[in-house]
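This report describes one protein chain, going from its overall layout to a few pairs of charged side chains. Please keep the structure open while reading.

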Amino acid sequence: MFHIGHLRLLKRMRELGERVIVAVSTDEFNALKGKKALVPYEERREIVEALRYVDLVIPEKSWEQKTDDIRQYCVDCFVMGNDWQGHFDYLSAFCEVVYLERTQNISSTALRKSRELVVGQNECLNILGIF
């Protein structure tokens, strides 16, 4: 779920380099990770492509593709939020790895949970005939 933290991360990424390439997880890859996106891949890709900080969006189909993507797109710097600190250190054999600080008090998980709460409340109100 795209939020202001993602936008700020992309803006800081732009400040680090000339080109920003974003890998957006496909619906199939999300399923393998045990996740289900609220917005389909094609729409998420379209949203990210429209951002002025982004030069190219590629589909992320697996964890293993990262090294191939780094080579294919001549990536000098791989950037992730610091909630992934250490997970991608192995990529330092191919390029610089940078973990940027996340925006405080915002996360996709928190947004999903608040959405579930609102949907649950609306369902209760519907049952009571308020809506």
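A residue is called buried when its relative accessible area is under 20%, exposed when it is over 50%, and partly exposed in between. The model is predicted. At 45% relative accessibility, D68 falls between those two limits, so D68 counts as partly exposed.

**Overall layout**

The protein chain contains five helices and four strands. Their order along the sequence is α-β-α-α-β-α-β-β-α. The chain has 131 residues, and 31% of them count as buried. Among the contacts with a separation of 6 or more, 50% are between residues 24 or more positions apart. The exposed area of the chain is about 8900 Å², and 54% of that area is supplied by carbon and sulfur atoms.

**Strands β3 and β4**

Strand β3 covers residues 77-81; four of its five residues are buried, so the strand is largely enclosed by the rest of the structure. The partner of β3 described here is strand β4, residues 96-100. The two strands pair in the parallel sense, and five bridges link them. At one position of this pairing, G81 stands opposite L100 in β4.

**Salt bridges**

Side chains of opposite charge can pair when their charged atoms come close. The structure holds seven salt bridges. The table gives some of them.

| Salt bridge | N to O distance |
|---|---|
| R45 and E42 | 2.6 Å |
| E49 and R45 | 2.5 Å |
| D68 and R71 | 3.9 Å |

Where does the pair of D68 and R71 lie? Both residues are in helix α4, which spans residues 65-72, and they are three residues apart, about one turn of the helix. Salt bridges that share partners also join E42, R45 and E49 into one network.

The residues of that network can be placed in helix α3, residues 41-49. Within this helix R45 and E42 are three residues apart, which is about one turn. E49 and R45, also both in helix α3, are four residues apart, again about one turn of the helix. R45 thus takes part in a salt bridge with E42 and in another with E49.

How accessible are the two acidic partners of R45, E42 and E49? E42 has 45% relative accessibility and therefore counts as partly exposed. E49, at 40% relative accessibility, also counts as partly exposed.

Note on methods:
Residues numbered from 1 in each chain as written. Predicted model: local features only at pLDDT ≥ 70, side-chain atom pairs only at ≥ 80, totals over all residues. Heavy atoms only, no water. Buried < 20%, exposed > 50% of the residue type's maximum accessible area, 1.4 Å probe, protein only. Contact = heavy atoms within 4.5 Å. Areas by Shrake-Rupley, 256 points an atom, 1.4 Å probe, with all protein chains shown as cover. Pairing = 2+ DSSP bridges. Salt bridge = Lys/Arg side-chain N within 4 Å of Asp/Glu carboxyl O.
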